[in-house]
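Colleague: Could you take me through one part of this model up close, the metal site, and then the pockets and cavities around the chain? I'd like the residues by name, please.

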Amino acid sequence: MITSDEIAVVDANSEALGVPRKQLMESSGNAVAREVRARTDEGDGVALVCGRGNNGGDALVAARFLRTRDVTVHLLGRPETITTDIARENWDALEQTDIDTRVVTDSRDFDLGSPALAVDAMLGTGVTGALREPEATVARALNDADAPVLAVDTPSGVDTDTGAAAGVAVDAESVVTFHDTKPGLADLDADVTVADIGIPAAAETFVASGDLLRLSRLPDSHKGDHGEVLVVGGGPYTGAPALAAQAALRAGADLVRVACPDAIASDVQGYAEDLIVHGYDGTRLAPAHVDEILPRAREHDTVVFGPGLGDHDDTLDAVGSFLEQYDGTAVVDADALQVVPEVETDATLVCTPHQGELRAMGGETADDPERRAALVESFAAEVGHTLLVKGAEDVISDGERTRRNRTGNPGMTVGGTGDVLAGTVGALACLLRPRDAAAVGAYANGRAGDILHESHGAGLTASDLVETLPRAFEGE
Ligand SMILES: NC(=O)C1=CN([C@@H]2O[C@H](COP(=O)(O)OP(=O)(O)OC[C@H]3O[C@@H](n4cnc5c(N)ncnc54)[C@H](O)[C@@H]3O)[C@@H](O)[C@H]2O)[C@@H](O)CC1
Ligand SMILES: [K+]
């Protein structure tokens with residue numbers, strides 16, 4: 001099961017791995033042709049009704065694999081209005097063949113003829129809103145025709161995420177969809193075939209530049225939509241909360257506040273004037289502070305809990321008491337992590353342990369990457385929270401989906417990088433669901449480290465990482 005947002009990520013990661021979209025389209029088209037041959041006999045008439053996007057492109061490819069059928073291609077719109085280069089290139093290739101192609105600019109010109117099979121390749125995952133013209137009229141013509149309809153990826157007009165149609169939709173007898181079934185196809189009374197199109201498993205397993213699309217595909221947000229983060233940290237250490245806070249700002253949060261002991265408040269403020277620091281009395285977090293911190297936490301989208309808190313018994317009691325009462329989203333890092341498995345909480349947590357902290361939480365690790373991923377997935381399911389287990393290869397899992405991140409390098413074992421990661425994930429968790437915030441955070445953090453490795457070698461510092469984060473979000 002894959003949603004249209006995930007498809008965009010997987011497509012882009014496939015491209016980044018060296019299997020470009022045009023190659024995927026060739027595989028899709030080949031799969032369409034295979035399903036057409038299975039439903040027709042030699043010499044049968046087949047009408048390929050093509051839209052101007054990649055859905056149409058799939059059928060433009062299929063036409064080249066149907067030499068034993070009597071193929072007619074109907075392009076809905078002038079060739080120069082084809083919206084993607086790979087579809088356009090396939091149209092141009094088709095024009096060099098002897099395949100019968102027709103350009104339909106006005107729906108009244110559309111004549112399906114009497115094919116043995118009609119292929120609906122007007123619209124796929126790119127549909128927005130109710131079908132416009134000429135697609136709407138052609139959809140009705142397909143529905144009225146005697147010929148059975150095979151839909152490419154989804155019946156045109158049907159939203160692959162919901163199965164709903166904003167207006168008229170093609171009523172296809174069968175659907176050939178690609179790579180994985182789609183949520184919206186389950187309830188259609190069509191028979192659905194899932195065709196493998198050669199997307200490498202790595203495109204889903206490994207977090208890569210395609211995952212950055214998760215940020216750019218968010219509904220366009222204006223100021224104040226990028227989230228407000230509260231960092232609850234500091235005590236024995238002062239740099240950690242400041243690093244986490246600055247990372248959250250660099251990762252796109254609009255406002256970041258720090259709640260820390262009075263004793264270090266001016267130090268933390270000293271790290272960066274654009275942090276808003278609230279001191280509570282004393283030198284470390286204690287249960288008495290929880291009633292003061294809870295309301296402040298609830299005013300923020302995400303809390304980053306843990307950087308530099310230390311592991312004094314009072315502090316760990318305070319962490320437990322906070323988590324028992326907090327029901328928002330929190331990134332939990334460092335010493336606070338050990339409390340998580342013991343506490344009943346309604347909070348949505350992203351835990352960011354390194355391997356040692358994972359073991360201290362009760363999890364297991366392994367050297368073999370596949371085994372390690374499986375162990376993290378089962379532990380995430382057991383604790384009921386998203387885990388980002390840091391390592392040479394990070395493992396991210398919410399107990400359902402598990403990803404691995406390969407960015408980063410040994411230069412990043414320098415102190416403070418964990419605080420930077422926690423702050424980064426905190427900012428992203430304002431916008432993305434926990435497992436995606438953790439995946440994109442791990443990717444961007446490691447990519448910042450890789451960018452710095454080129455310039456600084458092993459001499460990078462956590463502060464360099466914070467400064468480099470914006471570049472890491474720009475992708476390859
Ligand atoms: N990873 C995958 O799933 C792959 C997907 N491929 C194909 O790519 C398709 C998605 O292609 P695109 O993103 O180009 O989108 P589509 O081809 O689904 O539709 C985009 C076109 O339809 C037009 N359009 C959108 N809404 C409309 C409406 N309501 N009425 C009339 N026209 C409308 C747009 O202006 C654009 O021209 C998939 O459905 C699939 O068939 C394959 O090519 C290869 C890989
Ligand atoms: K379609």
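Modeller: Here's a walk through the metal site first, then the open pockets, the closed cavities and the cysteines. Keep in mind that this is a predicted model.

Let's start with the potassium ion (ligand 2). Its donors are Asn55 (OD1), Asp120 (O), Leu123 (O), Val152 (O), Thr154 (O) and Ser156 (OG), at 2.6 to 3.1 Å. If you like to scan sequences by eye, the spacing of those donor residues reads N-x64-D-x2-L-x28-V-x1-T-x1-S. One pair in there ties together distant parts of the chain: Asp120 sits in strand 4 (residues 117-121), while Thr154 is in the loop between strand 5 (149-152) and strand 6 (174-178), 34 residues apart. Don't look for a neat geometry, though: the angles among the six donor atoms run from 70 to 174°, and the site is irregular.

How exposed or buried are those two residues? Asp120 has 0% relative accessibility, so it counts as buried. Thr154 is buried too, because its relative accessible area is 0%.

Now follow the donor Asn55 into its helix. Asn55 is one of the buried residues of helix 3, along with Gly56, Gly57, Asp58, Ala59, Leu60, Val61 and Ala62. Helix 3 spans residues 54-62, and eight of its nine residues are buried, so the rest of the structure largely encloses it.

Asn55 turns up again at the largest pocket, which has a volume of about 910 Å³. Of the 37 residues lining this pocket, Asn54, Asn55, Gly124, Thr125 and Gly126 are the closest to its centre. Helix 1 (4-17), helix 2 (21-39) and helix 3 are the elements that give two or more residues to the lining, and helix 1 gives the most, with five. By class, you get 15 nonpolar, twelve polar and ten charged residues in the lining of the largest pocket.

The second largest pocket holds about 770 Å³ of space. Its lining has 32 residues, and His354, Lys390, Met412, Thr417 and Gly418 lie nearest the centre. Helix 12 (355-361), helix 14 (417-428) and helix 15 each put in at least two residues, with the largest share, four residues, coming from helix 14. That lining splits into twelve nonpolar, 14 polar and six charged residues.

On to the closed spaces. There are two cavities of 30 Å³ or more. The largest cavity contains about 40 Å³ of space, and around it you'll find Glu6, Arg214, Arg401, Arg403, Arg435, Asp436 and Ala439. Helix 15 (residues 434-456) supplies the largest share of that lining, three residues. Six of the lining residues are charged, one is nonpolar and none is polar.

The second largest cavity comes in at about 30 Å³. Ala259, His278, Gly279, Tyr280, Glu292, Ile293 and Arg296 line it, with strand 11 (276-280) and helix 10 (290-298) each giving at least two residues. Here the classes are three nonpolar, two polar and two charged.

Last, the cysteines: the structure has zero disulfides. Cys351 is in no disulfide, and the nearest cysteine sulfur, that of Cys430, is 17 Å away. Cys351 has 0% relative accessibility, so it counts as buried. Cys50 is buried as well, because its relative accessible area is 0%.

How values were computed
Residues are numbered from 1 along each chain as its sequence is written. Chains are lettered from A and ligands numbered from 1 in the order in which they are written. This is a predicted model: local features need pLDDT of at least 70, side-chain atom pairs count only at pLDDT 80 or more; totals for chains, interfaces and linings use all residues. Side-chain values use heavy atoms; hydrogens and water are left out. On a 1 Å grid over the protein atoms alone, a cavity is a set of points where a 1.4 Å probe fits but cannot get out, and a pocket is an open set with protein on both sides within 12 Å along at least five of seven lines; lining residues have an atom within 4 Å of a point. Grid points are joined across faces, edges and corners, and a volume is the space filled by probe spheres set on the points. Ala, Val, Leu, Ile, Met, Phe, Trp, Tyr, Cys and Pro count as nonpolar, Asp, Glu, Lys and Arg as charged, and the others, Gly among them, as polar. Donors are N, O and S atoms within 2.8 Å of the metal (3.2 Å for Na, K and Ca); water is not among the atoms, so sites may look incomplete. Four donors count as tetrahedral if all angles lie between 85 and 135 degrees; four count as square planar and six as octahedral if opposite donors are over 155 degrees apart and all others between 65 and 115; anything else is irregular. Buried means under 20% relative accessible area, exposed over 50%, partly exposed in between (1.4 Å probe, protein chains only). A disulfide is a pair of cysteine sulfur atoms within 2.5 Å.
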